[in-house]
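Thanks for coming. I have one chain to go through today, so please look at the slide first and then we will take it piece by piece.

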Amino acid sequence: MGIVELLLLAVGLAMDAFAVSIGNGLTMKKSSFRSALVIAFSFGLFQAFMPVAGFFLGSAFENVIKEFDHYIALVFLGFIGGKMIFDGIKEIGERKKGEETEEKIFKLSFGTLIIQAVATSIDALIVGVSFAALPDVNIWTAVSFIGVITFVISLLGVFFGKKFGRLLGSKAEVFGGIILVGIGVKVFIEHMFFGG
């Protein structure tokens, strides 16, 4: 596998993490560069770890993982996104009623971040399994590319989301939740109907 192919693969794998990072940035009304780094590092770490795990698990478990990965992504991202949508709509409703509400700050817990990182890196686990079947793949070079590119793209995603989050105001949490649910549905549909 050449450098160009590896770069394209890494960017492709990072797209779900990028979209979730935008969702996180949208909902974080008060976030720091440190928060963005933690999010990006988490996504990069899991996106790099999963192919290694897949590589060493080998092709024996490929069919089992492929059978359930879309359900895992749909449930995890659907739950987190659904909660964000519900909370966001509730806040908008309270504001419309004229109720005094304290400015809400979305706090991304460690547990939620780990769930997001796992849900967005399941495809990377499958890629790792396929790496085991390819004779010309250096797993450590491959995961370095994948991890670093995911980190950079996720960092950009948080800042992109943060910028638009300021413009959207109280609707930001709803949009962030829609992004998460959308990714879960996308993964589910791809695997169920297109064999992705």
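Is Asn 24 buried or exposed? Asn 24 is buried, because its relative accessible area is 0%, under the 20% cut-off. Bear in mind that this is a predicted model. Asn 24 belongs to helix 1, which covers residues 3-27. Its side chain has a polar partner: the side chain of Gln 116, at 2.8 Å.

Now the chain as a whole. It has seven helices and zero strands, so the order from the N terminus reads α-α-α-α-α-α-α. There are 196 residues, and 44% of them count as buried. Take the contacts between residues at least 6 apart in sequence: 90% of these join residues at least 24 apart.

Back to helix 1. With 25 residues, helix 1 spans 36 Å from first C-alpha to last, close to the expected 36 Å at 1.5 Å a residue. There is a bend in helix 1, of about 40°, at Met 15.

Next, charges. How many salt bridges does the count give? The count is one. The pair is Asp 16 and Lys 186, with the closest N and O atoms 3.4 Å apart. These two link distant parts of the chain, since Asp 16 sits in helix 1 and Lys 186 in helix 7 (residues 172-193), 170 residues apart. As for accessibility, Asp 16 is buried at 11%, while Lys 186 is partly exposed at 36%. Asp 16 gets the label buried because 11% is under 20%; Lys 186 does not, because 36% falls between 20% and 50%.

Then the nonpolar side. Which residues touch the most other members of the largest nonpolar core? They are Val 20, Ile 39, Phe 43, Leu 77, Leu 180 and Ile 183, in a core of 20 residues. Two or more residues each come from helix 1, helix 2 (33-57), helix 3 (62-96), helix 4 (110-120), helix 6 (139-168) and helix 7. Helix 2 contributes the most, with five residues. A second core lies apart from this one; it has 19 residues, including Leu 13, Val 137, Val 143 and Ile 153.

Last, Leu 77, one of the residues I just listed. Setting aside neighbours within four places in sequence, Leu 77 is in contact with Val 20, Gly 82, Ala 119, Leu 180, Val 181, Ile 183 and Gly 184.

That is what I have. Questions, please.

Technical notes: Residues are numbered from 1 along each chain as its sequence is written. This is a predicted model: local features need pLDDT of at least 70, side-chain atom pairs count only at pLDDT 80 or more; totals for chains, interfaces and linings use all residues. Side-chain values use heavy atoms; hydrogens and water are left out. Helices (H or I, at least four residues) and strands (E, at least two) are DSSP runs, numbered from the N terminus. Buried means under 20% relative accessible area, exposed over 50%, partly exposed in between (1.4 Å probe, protein chains only). A polar contact is a pair of N or O atoms within 3.5 Å; within protein, one must be able to donate a hydrogen and the other to accept it, and residues adjacent in sequence count only if both atoms are side-chain atoms. A salt bridge is a side-chain nitrogen of Lys or Arg within 4 Å of a carboxyl oxygen of Asp or Glu. A nonpolar core is a set of buried Ala, Val, Leu, Ile, Met, Phe, Trp, Tyr and Cys residues joined through side-chain atoms within 4.5 Å. Contact means heavy atoms within 4.5 Å. The expected span of a helix is 1.5 Å times one less than its number of residues. The bend at a residue is the angle between axes fitted to the seven residues ending there and the seven starting there.
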